[in-house]
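Reader: I've got the sequence and the model open on my screen. Could you walk me through it, one question at a time?

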Amino acid sequence: MALIHVNQVTKQFRKGAETITPLKEAELQIERGQFVSLMGASGTGKSTLLNLIAGIDKPTSGRIIVDGTDITRLSRTKLAAWRARNIGYIFQTHNLIPVLTAYENIELPLMLLPMNRSERRRRVEVALTAVDLVDRANHYPRQLSGGQEQRVGIARAIVTDPTVVVADEPTGDLDTETSAQILELLERLNDELDTTLLMVTHDPDAAAIAERRLKLDHGRLIEHAQAAAPAVHAGAS
Amino acid sequence: MFKFAPYLLKTLWRHRTRTLLTVSGSAVALFVFCFVLTVRQGLQRLTQQDDSVLIVFQANKFCPATSHLPQDYDQVISRMPGVRDVVPIQVFTNNCRASLDVVVFYGAPAEKVRRVRDFELIDGSWGEFESHQDAAIVGQALASRRGIQVGERFSVGDVTVAVAGLFTSQNRAEEDYVYCHLDFLQRTRGLDLVGTVTQHEVWLEDSADPEQAAAAIDEKLKSGQIETDTRTKGAFQASSLADLIHLIDLSRYLGWACLFLMAVLLATTTIMTVEDRIGEHAVLQTLGFSTRHVFRLVMSETVLLSVVGGCVGIALAVLALSQSALSVGAEAVTIAFEPSWDMVLTAALTSLVIGLIAGIAPAARAAKADIVTALRFSG
């Protein structure tokens with residue numbers, strides 16, 4: 001069975017008198033360990049789908065099952081606890097907490113899990129090593145470059161060893177060179193840690209590194225041809 | 001929530017100007033509240049004193065300067081059933097009206113002062129007081145306010161005494177008085193009151209009923225030279241301070257207003273903080289913080305500001321009240337502004353409650369914000 005199962009999901013919201021439907025009866029299955037990119041023009045519902053899978057938004061209808069849990073049926077409190085355990089979220093604008101150091105930012109999601117301080121320290125150090133920022137652990141976000149901030153954001157997303165990592169335009173705020181480094185890092189995490197990754201992007205080059213590419217068009221998901229460059233993982237549909 | 005204390009403290013430090021202003025505002029509000037509370041507690045202590053002490057005053061007189069009772073009434077009263085002791089007292093004050101610097105001389109037999117009061121001399125000696133006709137012992141609060149020291153001579157109007165000792169008392173109001181010899185005060189130039197006293201202080205046996213004893217004294221002395229009005233000491237002091245009691249009663253509105261302002265200030269600051277950090281809270285919720293976590297974080301912030309501000313205000317109030325030894329008096333009765341643990345505890349709890357009340361609405365607003373909508377603010 002697929003790790004993520006999006007079943008007949010529709011999302012509507014009202015904007016004044018108008019009802020907008022960014023997603024209409026969307027169907028999607030993502031296997032464990034898969035790296036999926038999701039493209040589409042602005043306003044086509046890419047981020048909406050990402051947010052629904054991440055459990056920070058609820059569909060108007062349909063079901064989303066992640067690792068056997070129907071997250072559309074969870075209460076707000078249970079959904080928050082589920083996110084803490086299962087979701088790593090990489091934001092476009094990094095969204096680090098400005099008053100906390102890189103180390104503390106990465107440690108933050110671990111504080112929601114039943115874990116002692118030494119275990120938290122071990123995990124943060126592993127995550128810092130994975131994003132090659134050990135020497136920046138005690139720096140505040142304002143003391144980091146955009147690329148370093150995003151790497152801290154990635155470390156924060158993977159530190160809990162989540163079921164799924166979602167990335168909303170992770171290179172949208174970065175220059176070309178830094179974008180390439182971030183994409184390479186995501187690819188490496190997917191390869192080495194077998195992390196299931198769903199990345200929203202409007203950059204075709206960024207999308208190309210994913211083993212599976214999807215496009216949202218008028219609220220419906222369209223499967224694109226297999227990417228050429230990156231490695232193909234077992235279990236890819 | 002203690003795990004998130006560093007985040008909480010760093011957030012407050014990041015907005016330190018706002019934090020400082022809010023803490024200062026809360027401190028000022030609690031400072032005033034403590035003053036109001038202290039005055040009210042001082043009044044309460046005076047008017048709810050032990051019922052076993054009665055004050056016999058001249059009927060239909062309210063000012064100590066106009067009450068003149070025969071001194072030998074003490075012989076009559078002391079023979080009445082239920083009476084343990086009688087202390088004839090001549091009162092002289094520099095100001096019968098309400099004032100923040102009333103000096104009251106109580107002239108009483110020296111041996112009786114020592115017997116019926118709980119005074120503890122912190123300087124000087126009882127022997128010196130008892131052996132010199134113009135000697136006096138001065139309450140610590142008055143001495144501190146006026147800079148009076150043992151060995152000095154101290155004058156108010158025509159009364160000049162030699163300071164033989166400084167005393168403290170469990171009843172802080174007593175520390176605003178000067179005790180001197182009865183016949184010395186009666187013979188003071190301008191008073192010339194030999195044979196008369198302002199009042200008699202009657203100490204009852206434990207078994208005596210104060211109301212019945214007071215009525216019996218008035219009945220007994222009805223046929224005497226001067227008609228009397230006898231009340232418990234608490235009731236007598238309440239009557240002497242009647243005008244002040246109304247003012248002090250009104251002061252509670254000042255206290256409430258301070259607390260209301262403090263709540264408004266804290267709520268405004270917290271709402272501003274929540275609006276500034278709506279995106280940050282959405283990020284936290286995306287990471288897995290529940291609505292309850294966010295609610296508690298915001299509440300903790302407000303309560304911390306409130307309690308820190310409150311503690312600063314309380315500390316300043318305690319310092320100011322204990323250092324200034326302030327009191328307000330009228331008709332030779334004074335209310336001491338004495339900080340107490342009760343006041344400190346009440347004010348601290350009040351600041352906690354104000355923080356909780358002020359934080360509820362902003363915390364609920366932060367916790368209930370839609371994550372996706374709020375995330376747009378973080379970009």
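Reader: How many residues does each chain bring to the contact between chain A and chain B?
Author: This is a predicted model, so local features need pLDDT of at least 70 and side-chain atom pairs count only at pLDDT 80 or more, while totals for chains, interfaces and linings use all residues. Residues are numbered from 1 along each chain as its sequence is written, and chains are lettered from A and ligands numbered from 1 in the order in which they are written. Two residues are in contact if their C-beta atoms, placed from the backbone, lie within 7 Å. On that basis, chain A brings 19 residues and chain B brings 20 residues.

Reader: Which element gives the largest share of chain A's side?
Author: Helices (H or I, at least four residues) and strands (E, at least two) are DSSP runs, numbered from the N terminus. By class, chain A's side has twelve nonpolar, four polar and three charged residues (Ala, Val, Leu, Ile, Met, Phe, Trp, Tyr, Cys and Pro count as nonpolar, Asp, Glu, Lys and Arg as charged, and the others, Gly among them, as polar). Six residues, the largest share of that side, come from residues 76-86 of chain A, namely helix 2.

Reader: Is A:Asn95 buried or exposed?
Author: A:Asn95 sits in the loop between strand 6 (87-90) and helix 3 (102-107) of chain A, and has a positive phi near 50° without being a glycine. A residue is buried if 20 or more other C-beta atoms lie within 10 Å of its own, exposed if 12 or fewer, and partly exposed in between, with C-beta atoms placed from the backbone. Because A:Asn95 has 25 C-beta neighbours inside 10 Å, it counts as buried.

Reader: And what about A:Asp161: what does it count as?
Author: A:Asp161 is also a non-glycine with a positive phi, about 55°, and lies in the loop between helix 5 (146-158) and strand 7 (164-168) of chain A. It has 15 C-beta neighbours inside 10 Å, so A:Asp161 counts as partly exposed.

Reader: Over in chain B, how far apart are the centres of the two domains?
Author: The domain assignment (bounds come from an automatic or database assignment) gives domain 1 (2-45 + 243-378) and domain 2 (61-226). In contact are 14 residues of domain 1 and 19 residues of domain 2 of chain B. Strand 13 of chain B supplies four residues, the largest share of domain 1's side. The C-alpha centres of the two domains lie apart by 44 Å.

Reader: Where does the largest nonpolar core lie?
Author: A nonpolar core is a set of buried Ala, Val, Leu, Ile, Met, Phe, Trp, Tyr and Cys residues joined through C-beta atoms within 7 Å. The largest one has 90 residues, and B:Phe33, B:Cys34, B:Ala136 and B:Val178 have the most contacts inside it. Helix 2 (residues 16-47) of chain B gives the largest share, 14 residues. Both domains of chain B give residues to this core, so it lies between domain 1 and domain 2.

Reader: Last one: which residue is the bridge partner of B:Ser155 in strand 8 of chain B?
Author: Strands 7 (residues 153-156) and 8 (residues 159-168) of chain B pair in the antiparallel sense over four bridges (two strands pair if DSSP finds at least two bridges between them). They form a hairpin with two residues between them, and B:Gly157 in the turn has a positive phi of about 60°. The partner of B:Ser155 is B:Thr160.
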